[in-house]
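Thank you all for coming; I would like to take a few minutes to walk through one model with you. Please have a look at it first, and then we will go through it piece by piece.

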Amino acid sequence: MSEAPKIRLRDVKKAFGRKIVLAGVDLDVAKGESVVVIGGSGTGKSVLIKSILGILLADSGVIEVDGEDVTQTLAAAREATNRKFGMLFQGAALFDSLPVWENVAFGLIQREHLNRAQAKERAVDTLAKVGLSADVAELSPSELSGGMQKRVGLARAIAGNPEIIFFDEPTTGLDPIMADVINDLIISCVKQQGITALSITHDMHSARKIGDRITMLYEGKLIWNGAAKDVDNCGNPFVEQFVKGNAEGPIKMQVRR
Amino acid sequence: MNFLALIGSVVLGFLSHIGRLTLFTGEALSHCVRPPLYPRMIARQMIDIGYYSLPVVGLTAIFSGMVLALQSYTGFARFAAGSENAVANVVVVSLTRELGPVLAGLMVAGRIGASMAAEIGTMRVTEQIDALTTLSTNPFKYLIVPRLIAGLLMLPLLVLVADIIGVFGGFVVSVYKLGFNPAAYITNSYDFMKPLDVISGLVKAGVFGFIIALMGCYAGYHSKGGAQGVGAATTNAVVSSSILILTFNYIITELFFGT
């Protein structure tokens, strides 16, 4: 019998007013697997991740983490579930009132109740894992470049040794070389430590590199799901148009002229 | 849209706003009495609200006291001879009951309410509040509760200082410009002032501090739409807390001194 999925979504729906964003999403992510959700801007990829994290409440459906339906849990239990998660936000979302080391150590101080000296030591070690020196630890997030902010965000996400990490557009806004550096860091942090990862991106190079499996979200549903190596020849016209970046195809962009 | 629909939409919008504010207040209060609290954050907010507001509140108080003494003196001079002696009484009662808490409240609303709304609003639009949630930290406990507690505790202290500085301002003008006897002025002030004058002012200050923090946090927490949204949140925080301060000033005055 195969192992139960780490994350299991069934018929998850979410709408904002009349706008339906998720129209019944089904998704399984196995333990240690890296799944990438691709899709155009505004198709609900971030809403999907935020619904799993409990930042947004799904209107209906089942969201299970380790077999527990987190849509039914109370706030305190929800906080306990969130201890399994790490998250790299699109804009890094670093706390600009805190120095870099305290950003990385935030979860260690709040969740694990480490004292500040121990937490700082762990933070500096974690920063080293993402290629940042100890000098950076004392800087303010506003003093860092976009690529460095992403690396600090990644360090914060992995500092608490999470079981599951979410990556929201990890390479958006970065130059190709820095994007590849981030991809490599994600692979080394996630795959080598056996962490389950769910990423959302529209950067196909990144999706192919960091994902074991790719799935595409379109009009609120996952319309294709398969191995990352098959994404270029999947036979689905929607996916092929998106992967090749063609303006012509079944996906129509609403552009006013 | 017809006229009735427009009225209905405005009323519904207003009621929904009141409902959200009530829920927000209830949730914030419930987190105030449930651990964990964040002493470090509370201390930081106390310094921000209390210590860093001292110059602006002090300056406002001293000039208010000085103007009050001058205006009372020239005003009373129009009436019965000798009524100028009531200057000390008017200054101390006006400052402790009304001007101290209201002026300090309005100044702190402009300084702190706006900065709270801008800081929390920026955290909202840059996903820092979402990041707190992913780090198993309740944003209410980490961001809102420390500000509410600090506002509630620090405003009375600020007003106490403002009362002393304001009375001193009145003393300086009365003694050095209007030629009052310093000892008589101090005796008059002390004899005429009742504990209830000061207590009512401090109660007002506590309520105003809570209102400033609440409206600043509420506006920031619900801001959206980038820089423009944060700007609107800042304006809303200052305007709404100023209006509420003046409204609650009347209500509390009625409760203490209403006949």
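Let me begin with a question: of the 30 residues of H1 in chain B, how many are buried? Keeping in mind that this is a predicted model, the number is one, so helix H1 of chain B lies largely in the open. The length of this helix, which runs over residues 3-32 of chain B, can also be checked, because at 1.5 Å a residue its 30 residues should span 44 Å, and the C-alpha atoms at its ends are indeed 44 Å apart.

Turning to chain A, we have eight helices and ten strands, and 44% of its 257 residues are buried. A compact globule with 257 residues would have a radius of gyration near 18 Å, and chain A agrees with that, having 18 Å, while its C-alpha trace spans about 55 × 40 × 40 Å along the principal axes.

Now to the interior, where the largest nonpolar core has 138 residues, and where those that touch the most other members include A:Met87, A:Ala105 and B:Leu148. Helix H6 of chain B, residues 139-177, gives the most to this core, with 18 residues. On the chain A side, domain 1 (1-84 + 164-169 + 192-257) and domain 2 (88-161) both give residues to the core, so it lies between them. Leaving aside neighbours within four places in sequence, A:Ala105 is in contact with residues including A:Ala119, A:Ala123 and A:Ala159.

Finally, the contact between the chains: eleven residues of chain B are in contact with 17 residues of chain A, and on the chain B side these are two nonpolar, seven polar and two charged residues.

How values were computed. Residues numbered from 1 in each chain as written. Chains lettered and ligands numbered in written order. Predicted model: local features only at pLDDT ≥ 70, side-chain atom pairs only at ≥ 80, totals over all residues. Contact = placed C-beta atoms within 7 Å. Nonpolar A, V, L, I, M, F, W, Y, C, P; charged D, E, K, R; others polar. Core = buried A, V, L, I, M, F, W, Y, C linked by C-beta atoms within 7 Å. Buried ≥ 20, exposed ≤ 12 C-beta atoms within 10 Å, placed from the backbone. Helix = DSSP H or I, 4+ residues; strand = E, 2+ residues; numbered from the N terminus. Domains from an automatic or database assignment. Expected span 1.5 Å × (residues − 1). Rg over C-alpha atoms; globule rule 2.2 N^0.38 Å.
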